[in-house]
Amino acid sequence: MEMQKVDIVDDMMVLNKIPDNSVDNIFCCDALEHVPRPWDAIKQFYRVLSPGGVVFLTAPFIWHFHGHELSKDDWTSRIDFWRFTPSSLESMCYKYFQKIECGWDLNPPLGPQDSQIWRCGDRKS
């Protein structure tokens with residue numbers, strides 16, 4: 001896969017290529033379900049986010065299993081791990097961030113808009 005205009009490629013559970021307090025905003029759109037330990041990613045977001053920065057998260061609640069198309073013959077490399085309720089996202093974020101807003105689409109599942117939307121900011125010390 002060709003990566004054009006990408007500055008950093010890193011594991012979001014570690015983010016070892018990004019210094020502490022160096023990022024003003026983090027936009028994580030429908031990616032946490034593909035991370036084996038999303039709570040580690042949230043902790044890393046806190047570490048790299050500058051004071052006063054904002055994290056914008058979307059994460060699926062009702063969505064079909066996906067990612068298995070990438071590895072039909074190897075179960076161990078499938079990449080769809082989680083679905084999130086508002087409570088589960090809040091339990092991962094409350095330690096690190098002040099919740100600014102949370103919302104989600106209550107309509108029947110019709111597409112990617114059925115994700116929860118979180119905007120967190122004001123890093124807790």
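The following exercises, each with a worked solution, concern the predicted model shown above.

Residues are numbered from 1 along each chain as its sequence is written, and side-chain values use heavy atoms, with hydrogens and water left out. In this predicted model, local features need pLDDT of at least 70 and side-chain atom pairs count only at pLDDT 80 or more, while totals for chains, interfaces and linings use all residues.

**Exercise 1. The chain as a whole**

Determine how many helices and strands the chain has, and in which pattern they follow along the sequence.

*Solution.* Begin with the definition: helices (H or I, at least four residues) and strands (E, at least two) are DSSP runs, numbered from the N terminus. By this definition the chain has 2 helices and 4 strands. Reading along the sequence then gives the pattern β-α-β-α-β-β.

Next, consider burial. A residue is buried under 20% relative accessible area, exposed over 50%, and partly exposed in between (1.4 Å probe, protein chains only). Of the 125 residues, 33% are buried. The chain exposes about 8,000 Å², and carbon and sulfur atoms supply 56% of that area; accessible areas come from the Shrake-Rupley method with a 1.4 Å probe, and for residues only the protein chains shown count as cover.

Finally, examine the contacts, a contact being heavy atoms within 4.5 Å. Among contacts between residues at least 6 apart in sequence, 69% join residues at least 24 apart.

**Exercise 2. The unit formed by β1, α1 and β2**

State in which sense β1 and β2 pair, and which hand the β-α-β unit has.

*Solution.* Two strands pair if DSSP finds at least two bridges between them. β1 and β2 meet this condition with 6 bridges, in the parallel sense. Two of the bridge partners can be located in the structure: I26 is matched with V55 of β2, and F27 with F56 of β2. As background, side chains in a regular strand alternate between the two faces of the sheet.

The hand is decided by viewing the strands as they point away: a crossover is right-handed if the path from the first strand over the helix to the second runs clockwise. The unit made by β1, α1 and β2 is right-handed.

**Exercise 3. The two sides of helix α1**

Identify which residues of helix α1 are buried and what covers them.

*Solution.* Helix α1 spans residues 38-48, and its buried residues are P38, A41, I42, Q44, F45, Y46 and V48. Their cover includes β1 (23-29), β2 (49-60) and α2 (86-93). A general rule helps in reading such a list: an α-helix has 3.6 residues a turn, so residues three or four places apart point the same way.

The segment before β1 also reaches this helix, for M12 is placed in that segment. The C-alpha atoms of M12 and A41 are 5.2 Å apart, although 29 residues separate the two in sequence. Beyond its neighbours within four places in sequence, the contacts of M12 include D40, A41, Q44 and F45.

By contrast, W39, also in helix α1, counts as partly exposed because its relative accessibility is 39%. Together with I79, F81 and W82, W39 forms a nonpolar surface patch of about 360 Å² accessible area. Patches are made of residues with over 30% relative accessible area and no salt bridge; like charges are joined within 9 Å and nonpolar side chains (Val, Leu, Ile, Met, Phe, Trp, Tyr) within 5 Å.

**Exercise 4. Salt bridges**

Find how many salt bridges the structure holds, and describe them.

*Solution.* A salt bridge is a side-chain nitrogen of Lys or Arg within 4 Å of a carboxyl oxygen of Asp or Glu. The structure holds 3 of them.

1. D20 and R47 are joined with their closest N and O atoms 2.5 Å apart. This pair links distant parts of the chain, since D20 lies in the segment before β1 and R47 in helix α1, 27 residues apart. D20 is partly exposed at 49%, as is R47 at 22%.
2. R37 and D40 meet at 2.6 Å, N to O.
3. D80 and R83 have their closest N and O atoms 2.8 Å apart. D80 is buried at 11% relative accessibility, whereas R83 is partly exposed at 27%.

**Exercise 5. Positive phi angles**

State where L15 lies, and whether L15 is buried or exposed.

*Solution.* Most residues other than glycine have a negative phi. L15 has a positive phi, near 45°. L15 lies in the segment before β1 and is buried, because its relative accessible area is 9%.
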